[in-house]
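Subject: Structure handover

Hello,

Here is the structure we talked about, followed by notes on what turned up in it. Please read the notes with the coordinates open.

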Amino acid sequence: FLTAIRSLMDFRYLAQAPMFTDDSLTELASALQDFYDNKDTIMAAGARKDSWEIPKLELLQSIVPSIRLSGAVMQWSADPTEHAHVQEIKVPARAGNNRDYYNQIARHLDRAEKCLRFDIATYMESKRGEEDLRVDEIEGNETEQDKEHEPDEEEFPTDHLAATRSPINYFTIADALVRGCIPNAPRPYCTFSTATTAFHLSTKPSLRLSVDEAAAVFNLPDLRAAISEYLHRLESGMPHRVSGVRSQQDHQLPFDRLQIWCKVRVQQMRYHSPQTPDTPQTLRAFHPSTVNLHGLYDAAIVNADPDSNWPQRGLEGHSVVQLCMIFRPLHSELLAAYVQRFDVVAQQGNTNNRNAGTGMYLVRRAVRSNGSRIGDVLPITLIRSPAHLIPHFGKEAHSRLTSQTSYELSSDFWLNKYWSKEFYYALSSSSR
């Protein structure tokens, strides 16, 4: 039953790819065939009682031949015209009295356009003579930490503008900073990038604490030891691993104060178009509070092998971690993150370690023999992508599970490849 549902999900995601190869078309056809091979289990479970004579289901058979003849299916999307029909016809029609539709719709659109032009004119007049954007605005700085990454929707009348827009390109901003195109930008830079991922932090950190205070606030008892190990690896040129090994006996640090951020914006290039930036996403690492009793820590994919290549090689050479703290020592340019590791659970009879039913990786929180979680400090630039974990309940879910406790009370999780299409393509690439 689960295999049949998963096969249809795979078919849906694969069919929406913007380009195809012979291998990807073979995979697409295989996903549909897997559904037909297992669809009887749906009938046996009583989930469907009627026959399988469904026109839209039969239509799926023509998708692969259509792609071979005419190209990607998504180029024929009706979304733009459907959206235009809603905005230009349905909404004005609902504003009328169900009479004389054509005249009332035309009058509504005419008045809406005049209102838009008036709003733009008054906005431009109110901004006349103001100085150009400051450098910290280019960097994305906001007065309030919680609003640092949110666009100001009230700043400009956008109700009548196009439904889609290009996302901000942190790669371009990071490159401009490195080349010195913004000479007055504060250092160390809060926007930077690697070959695969761009990062953006607010100019002002969320907290300024001592190392021991941060360990208490974020409930990370081995923070000082992890930072000491991190500095030792940097000095000796050793690769960074989330192993939990503590080779240093002396945990004295050359600093005591930390600047701490509670979130970071992460941007990647699109899987099928490596020169096109995807929409940035936010990774959060909020300490426990009265609002979030256990904190709010997002999952991420980090580089575990210097030769790994995200997203082309999928999870191979990478690790799944939970982001617990983002920090920089005061008066330093070392930007790091404390993370805790998840291990992929091996699946019997499956060489790629994916669960046969869900097609997803099952990961388990890595702990020591005493039950404490295994964590380490890594350069933040080793983060490759945000990730999404779903608790694996097993035969019976924990009775105290809530939206705030599910990460804390669960030890096994599904790595949700269906979280987004880009994440799906990346995680599916390792099986091709």
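Q340 is buried, at a relative accessible area of 8%. This glutamine sits in strand β10, which spans residues 336–344. Leaving out residues up to four places away in sequence, Q340 touches L220, V320, V321, Q322, C324, R365, R373, I374 and G375.

Bear in mind that this is a predicted model. The average pLDDT is 86, and 91% of the residues score at least 70. The weak stretch is residues 131–163, where the pLDDT is below 50. That stretch still has 49 contacts in the model beyond near neighbours in sequence. Where pLDDT is low, predicted coordinates should not be read in detail, so please treat those 49 contacts with caution.

Nonpolar cores

The largest nonpolar core holds 44 residues, and L223, I227, L258 and M325 have the most contacts inside it. Strand β9 (residues 318–329) supplies the largest share of this core, with six residues. A second core, separate from that one, has 27 residues, among them W52, I63, I67 and M360.

What does L258 contact, apart from its neighbours within four places in sequence? The list includes L207, L209, V211 and A214, and also I227 and M325. F327, P329 and L330 are in contact with L258 as well, as are two arginines, R208 and R328.

Aromatic pairs

A search of the whole structure gives twelve aromatic pairs. One of them joins Y13 and Y424, with ring centres 5.0 Å apart and 40° between the planes, and is classed as tilted. Y13 belongs to helix α1 (residues 2–15) and Y424 to helix α13 (residues 421–429), so the pair links distant parts of the chain, 411 residues apart.

Are the two partners buried or exposed? Y13 counts as buried at 9% relative accessibility, and Y424 is buried with a relative accessible area of 1%. Both tyrosines also belong to a cluster in which ring pairs link Y13, Y271, Y418, Y424 and Y425.

Another pair is formed by Y407 and F413: the ring centres are 5.4 Å apart and the planes meet at 75°, so this pair is edge-to-face. F413 counts as buried, at 0% relative accessibility.

Regards

Note on methods:
Residues numbered from 1 in each chain as written. Predicted model: local features only at pLDDT ≥ 70, side-chain atom pairs only at ≥ 80, totals over all residues. Heavy atoms only, no water. Core = buried A, V, L, I, M, F, W, Y, C linked by side-chain atoms within 4.5 Å. Buried < 20%, exposed > 50% of the residue type's maximum accessible area, 1.4 Å probe, protein only. Helix = DSSP H or I, 4+ residues; strand = E, 2+ residues; numbered from the N terminus. Contact = heavy atoms within 4.5 Å. Phe/Tyr/Trp six-rings, centres within 6.5 Å; stacked < 30°, edge-to-face > 60°. pLDDT = per-residue confidence, 0-100.
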